[in-house]
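Load the model in a viewer and keep the sequence panel open. The tour below goes from one selection to the next and says what is found at each stop.

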Amino acid sequence: MVPADSFREDVIEGLSQPQKALPPKYFYDAEGSRLFDRICRLPEYYPTRAELSLTRAHLADIARFVGRNSELIEYGSGASLKTRLLLGALRPAAYVPVDISQTALAGAARRLSREFGWLHIFAVVGDFSQPLRLPVFRQRAGRRRVVYFPGSTIGNLTLQEARAFLAMSRAQVGAGGAMLIGVDLKKDANLLHAAYNDARGVTGRFNLNLLRRVNRELGADFDLRRFRHYAFYNAGLGRIEMHLVSLARQSVRLGRHRFDFDPGETIHTENSCKYSVAEFRALAAEAGFRAAKVWQDARGRFALFGLVAD
Ligand code: AVJ
């Protein structure tokens, strides 16, 4: 659970801006997480399958890159199939999943400890937008710290935020440390558009669920029938933008606050930045990471970067 107070503050602050906005991290309540799982199985949403297939195809090479006995820190609950593949191949000494959802963490940690009896798991509740306090291990000597950040979640961050996140991770792993990071690549805008405007409308429901959550947890009165999902590729900024469009002139109440909407006005709910291999390599270099390895799926849609902090 996200503390209700910061949720409330973030929503009020976001809706008070000239371009109204809500942070995408709030998509993932129970229903949002369920809808996201469905998105990952949609025929149009290629990133999940592309990342899984490249992880499968290059697993031995990835394991060689990381080396045995690492401290693997994952931003994400560790519930995914690719994480389990990686744990089996890497055999890290310790695994630290970091997630904002306590429930997702607890469930994943339980399942992982059943599957990997030898693995030391230290789940940490938190999000990657702030420096984390990670467990300190007694026998650290000789262990390499490696941050695993799959799923192109970094795409949610603006360029400045991505820079700050990479610098924070660089500090966290220290000299000799490494990072494995999944990045969705630039490609034909039609493929991107389809991935965020699926025929079944699951992405639309995922987007609208954010308003349902604001209603339920903060007592707002968004009328979900008067907002519509809108996603497009902003080529200039190299990102998919998701918005919720107001279909009418309307006002929404949240406690003593009132937010007015013109017809056609939007709430910006998510960016999903796409990078070229060269762009991401340069971004990583700015943070002190050398892209020693770049693994891609067969169709070049998605990349996993093996970054070294030297
Ligand atoms: C989880 C942030 C990587 O940007 O593709 C999927 C979220 N939003 N469909 C993405 C998402 C709409 C996803 N990330």
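Which residue in the turn between β13 and β14 has a positive phi? Select G300 to find the answer: its phi is about 65 degrees. The model is a predicted one, and the angle is computed from its coordinates like every other value on this tour.

**Stop 1: the hairpin**

Select residues 289–296 for strand β13 and residues 302–309 for strand β14. The two strands form a hairpin, with five residues between them. Their pairing is antiparallel and runs over seven bridges. To check the register, pick A291 and look across to β14, where L307 stands opposite. In general, the strands of a sheet pair through backbone hydrogen bonds, in either a parallel or an antiparallel sense.

**Stop 2: the four-stranded sheet**

Now display β1, β12, β9 and β8, which make up an open sheet in the order β1-β12-β9-β8. The pairing in this sheet is mixed. Its edge strands are β1, residues 20–21, and β8, residues 227–234, each of which pairs on one side only. Zoom in on β1 and β12: these two run parallel and are joined by two bridges. Label K20 and its bridge partner in β12, I267.

**Stop 3: the ligand**

Select the ligand and the 13 residues around it; those that come nearest are Y45, G151, Y196, E270 and S272. Three distances can be drawn here.

- From a polar side-chain atom of Y45 to an oxygen atom of the ligand: 2.5 Å.
- From an N or O atom in the side chain of Y196 to an oxygen atom of the ligand: 2.5 Å.
- From an N or O atom in the side chain of E270 to a nitrogen atom of the ligand: 2.6 Å.

Taken alone, the ligand exposes 350 Å², and the protein buries 96% of that. Colour the elements that give two or more residues to the shell around the ligand: α2 (30–40), α9 (202–218) and β12 (266–273). By class, the shell holds seven nonpolar residues, five polar and one charged.

**Stop 4: the second largest pocket**

What volume does the second largest pocket have? The computed figure is about 230 Å³. To place the pocket, select L159, L237, C273, K274 and Y275, the closest to its centre of the 13 residues that line it. Then add α7 (159–173) and α10 (277–286), each of which supplies at least two residues of the lining. The largest share, three residues, comes from α10. Colouring this lining by class gives five nonpolar, two polar and six charged residues.

Technical notes:
Residues numbered from 1 in each chain as written. Predicted model: local features only at pLDDT ≥ 70, side-chain atom pairs only at ≥ 80, totals over all residues. Heavy atoms only, no water. Near = heavy atom within 4 Å. Polar contact = N/O pair within 3.5 Å; in protein donor to acceptor, adjacent residues only side chain to side chain. Areas by Shrake-Rupley, 256 points an atom, 1.4 Å probe, with all protein chains shown as cover. Nonpolar A, V, L, I, M, F, W, Y, C, P; charged D, E, K, R; others polar. 1 Å grid on protein atoms, 1.4 Å probe; cavity = no way out; pocket = protein on both sides within 12 Å on 5 of 7 lines; lining within 4 Å. Points joined across faces, edges and corners; volume = space filled by probe spheres on them. Pairing = 2+ DSSP bridges.
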